[in-house]
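Colleague: I'd like to learn how to read a fold like this one, piece by piece. Can you put it up so we can walk through it?

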Amino acid sequence: MTRNQSPTNRRIDLDPAEALRLLGSVSLGRIVFTRQALPTVRPVNHALDSGDIVIRTHEGAALTSHAEEADGTGVVVAYEADAIDPDTHLGWSVVVTGYAQLVTDPVELDRIRELLQPWAPIEGMDQAVRIRPELVAGVRLTESSETRTAPG
């Protein structure tokens, strides 16, 4: 029997508070929503605001119109952000599922515009969407201190 000295990676589930803290440490993520009954994914930048995720959007965006047409609770979306090293595959990933609502209060909208500048500005990008997390799941991908025993 020989021992493989290279460490194996392991997955650790994160509690929701730690997952949201990590999500708040990066500015780019991906929003997933339904468009014409199919899942749609868009890269966006975000900020955390009182435990909610806020993103900027423009009036013609599919998400904007979808959130605008939703009832009082909003439209169901998922939001994912991560920081995973492409070489070691170590890091973390967080997925939030919740309800997205168009921000309509002018004072709140102005505050979000100051808080979050679009990473890819588009003319008319003066709308905002607030995502209220319902489910928060996160994983940390880390090296294991254990070594594996290889058959030999």
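Colleague: Let's start with the helix α1: what covers its buried residues?

Modeller: Keep in mind that this is a predicted model. The cover over the buried residues of α1 includes β2 (9-14), β4, β5, β6, β7 and β8.

Colleague: And which residues of α1 are buried?

Modeller: A19, L20, L22 and L23 are the buried ones. Down the helix axis they fall within an arc of 160 degrees, so they line one face of α1. The general idea is that an α-helix has 3.6 residues a turn, so residues three or four places apart point the same way.

Colleague: What caps the N-terminal end of α1?

Modeller: That's D15, with a side-chain oxygen 3.0 Å from the backbone nitrogen of A17.

Colleague: How far can I trust this region? Where in the protein chain is confidence highest, and where is it lowest?

Modeller: The highest mean is in α1, at 97, while strand β9 (residues 148-150) has the lowest, at 42. Over the protein chain pLDDT averages 85, and 82% of the residues score at least 70. I'd read residues 146-152 with care: pLDDT stays under 50 there, and the model has 14 contacts beyond four places in sequence for them.

Colleague: On to the core. Which residues have the most contacts inside the largest nonpolar core?

Modeller: I31, I55, V77, Y79 and I131, in a core of 22 residues. Two or more residues each come from α1 (16-24), β3 (28-35), β5 (52-57), β6 (75-84), β7 (91-102) and β8 (127-143). The largest share is that of β7, with five residues. Take I131 as a case: beyond its neighbours within four places in sequence, I131 is in contact with I31, D52, I53, V77, Y79, Y99 and A100. Apart from this core lies another, of seven residues, including A47, I112, L116 and A128.

Colleague: How do the strands pair? In which sense do β3 and β4 run, parallel or antiparallel?

Modeller: Antiparallel, over eight bridges. One of the partnerships to look at is R30 with P43 in β4. Two residues sit between the strands of this hairpin, and Q36 takes a positive phi near 50 degrees. On the other side of the story, β4 and β5 run antiparallel too, joined by four bridges. They also form a hairpin with two residues between them, where S50 in the turn has a positive phi of about 55 degrees.

Colleague: There's a histidine in β4, H46. Is H46 buried or exposed?

Modeller: Buried, because its relative accessibility is 4%, under the 20% cut-off. With a buried polar side chain, I'd look for its partners. A polar atom of the H46 side chain lies 3.0 Å from the backbone oxygen of L23 and one lies 3.1 Å from the backbone oxygen of V26. In β5, H46 has I55 as its bridge partner. Among the residues in contact with H46, leaving aside neighbours within four places in sequence, are S27, G29, Y79 and L116.

Colleague: Last one: where does W119 lie?

Modeller: In the loop between α3 (106-115) and β8. For a loop residue, check what it touches: for W119, that's L28, P43, V44 and N45, not counting residues up to four places away in sequence. W119 and P43 are 76 residues apart along the chain, with their C-alpha atoms separated by 10.0 Å.

Terms used
Residues numbered from 1 in each chain as written. Predicted model: local features only at pLDDT ≥ 70, side-chain atom pairs only at ≥ 80, totals over all residues. Heavy atoms only, no water. Buried < 20%, exposed > 50% of the residue type's maximum accessible area, 1.4 Å probe, protein only. Polar contact = N/O pair within 3.5 Å; in protein donor to acceptor, adjacent residues only side chain to side chain. Contact = heavy atoms within 4.5 Å. Core = buried A, V, L, I, M, F, W, Y, C linked by side-chain atoms within 4.5 Å. Arc of directions from axis to C-beta. Pairing = 2+ DSSP bridges. pLDDT = per-residue confidence, 0-100.
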